[in-house]
Amino acid sequence: MTFINYASREINCKIVYYGPGLCGKTTNIQWIFEQANPEKRGKLVSLATETDRTLFFDFLPLDMGTVKGFKVRFHLYTVPGQVFYDASRKLILRGCDGIIFVADSQKARMEANIESIANLATNLKENGFDIRTIPYVLQLNKRDMPSAVGVTEIERLLRFRNEPMIEAVANKGTGVIDTLKASARQILMELQRA
Amino acid sequence: MAKLDLMLFEEEYTLLTEIINRLEKDASAKVVFLVDKNGQQIAAAGDVKSIDATSLASLTAGNVAATDGLAKLIGEKEFSLLFHEGEKDNLHISIVGKRGILVVIFDQNSSLALVRLRVKKASKELQEIFDQVENRAQRESDSGSRFESPFSEITDEDIDRLFGD
């Protein structure tokens, strides 16, 4: 649910990074934080455990510049990936404008990816969204891992609606901005259609 | 889309800002924020510069969402009020209607009782404005004669520019 403030000429969009535990959601937004112009980024808020696992969410506000005279601001959130934090994941999806699903390319994590997409579908539905229609981007992360499954095979397993699919190595920044850009494009085009 | 987009126009924004400015004075508060339940700041009053408002909005919404979850777990509809007491500053968080959260930060120059009293009155007024916003959006959506969005002519180039390409 986009928030458009005509008085201050601002538009705020919420993008949620979803995916199984340790797939690299936080790494994505940490990389964006490190690369972003300090004047354009807000504080990176991480509600994490002592072992740096996401407990509730990470949050990064980004000022992107202007479109048609409106300041565009993205609010990036990650969910906690671990299975038992499902109640928190559901809450974070509230009012989201777009989803970036971060898949872990390693063979051993394929089942976790599939389960996480199913979980996303359920949680979106409970928030009144449809996974088949909401702006949605699939990122194939950890492409540099030796046990990474081939792209065609992952596509067969995880891609279900011809969504943009981007290969990434988030800890090196590869594909991180392209993923965000694909999501931004979908969300802003959605506004055009609205 | 699950819900209609929240669109705020000049006059509604002015009214909301007037109400929270008044609340900030009447409650002898330091800062008052109006935030939406998705974590976006709508309006602010008082010594706003002293606080990272964006993070505050996001964390408040997270806090309210988590508390909502707790309420449902024990069979309550919601906890409409949260209060955090600090050594110097205190945080009073209350729900306004379906989509608003009112955050009042105050110190020893005020009291919980006064803040509660003033918040109650302001909430009613804010609720009326939110209802107006919602009704307008609903009318426009029903009649199909929606306000012409400035984004109707957005192009690929506009989006590329955002990313500095």
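**Two chains, strand by strand**

Hi everyone, let's start at the beginning of chain A: strand E1 (residues 3-5) runs antiparallel to E2(A), and 3 bridges join the two. When I say two strands pair, I mean that DSSP finds at least two bridges between them. Helices (H or I, at least four residues) and strands (E, at least two) are DSSP runs, numbered from the N terminus.

A quick word on ground rules. Residues are numbered from 1 along each chain as its sequence is written, and chains are lettered from A and ligands numbered from 1 in the order in which they are written. This is a predicted model, in which local features need pLDDT of at least 70 and side-chain atom pairs count only at pLDDT 80 or more, while totals for chains, interfaces and linings use all residues.

Back to that hairpin. Asn5(A) stands opposite Glu10(A) in E2(A). There are 4 residues between the strands, and Arg9(A) takes a positive phi near 50 degrees.

Now stay with E2(A) for a moment. To which strands does E2(A) run parallel? One is strand E5 (residues 70-78) of chain A, joined to E2(A) by 8 bridges, with Cys13(A) opposite Phe74(A). Another is strand E6 (residues 98-104) of chain A, joined by 4 bridges, and there Ile15(A) faces Gly98(A). Of the 9 residues of E2(A), residues 10-18, 8 are buried, so the strand is largely enclosed by the rest of the structure. Buried here means 20 or more other C-beta atoms within 10 Å of the residue's own; exposed means 12 or fewer, partly exposed is in between, and C-beta atoms are placed from the backbone.

Zooming out, chain A has 5 helices and 8 strands, in the order β-β-α-β-β-β-α-β-α-β-α-β-α from the N terminus. Its C-alpha trace spans about 50 × 35 × 30 Å along the principal axes. Of its 194 residues, 49% count as buried. The radius of gyration of chain A is 16 Å, which agrees with the value near 16 Å for a compact globule of 194 residues; that radius is taken over C-alpha atoms, and the globule rule is 2.2 Å times the number of residues to the power 0.38.

One loop residue in chain A is worth a stop: Val169(A), between strand E8 (165-167) and H5. Is Val169(A) buried or partly exposed? Partly exposed, because 19 other C-beta atoms lie within 10 Å. Asp144(A) is 25 residues away from Val169(A) in sequence, yet their C-alpha atoms are 6.5 Å apart.

Next, chain B. Chain B has 4 helices and 6 strands, and 35% of its 165 residues count as buried. An open sheet of 5 strands runs in the order E3-E2-E6-E5-E4 (chain B), with antiparallel pairing. Strand E3 (41-46) and strand E4 (81-85) of chain B are at the edges with a single partner strand each, so one side of each has no neighbour in the sheet. The twist averages 15 degrees from one strand to the next. Helix H1 (residues 10-26) of chain B packs on the sheet, touching E2 and E3 of chain B, and its direction makes about 40 degrees with that of E3(B). Axes are lines fitted to C-alpha atoms, for helices over the stretch in contact, and angles run from 0 to 180 degrees between N-to-C directions. Within that sheet, 6 bridges join strand E2 (residues 31-36) to strand E6 (residues 100-106) of chain B, and Val32(B) stands opposite Val104(B).

So where do the two chains meet? The contact takes 39 residues from chain A and 34 residues from chain B, two residues being in contact if their C-beta atoms, placed from the backbone, lie within 7 Å. On the chain A side, the elements giving two or more residues include E1, E2 and helix H5 (176-193). That side has 22 nonpolar, 11 polar and 6 charged residues; Ala, Val, Leu, Ile, Met, Phe, Trp, Tyr, Cys and Pro count as nonpolar, Asp, Glu, Lys and Arg as charged, and the others, Gly among them, as polar. E1(A) also pairs in the parallel sense with strand E1 (residues 6-8) of chain B over 3 bridges, and Ile4(A) has Met7(B) as its bridge partner.

Last slide: the largest nonpolar core has 94 residues, and Val16(A), Phe101(A), Val32(B), Val103(B) and Val104(B) have the most contacts inside it. Such a core is a set of buried Ala, Val, Leu, Ile, Met, Phe, Trp, Tyr and Cys residues joined through C-beta atoms within 7 Å. Thanks, everyone!
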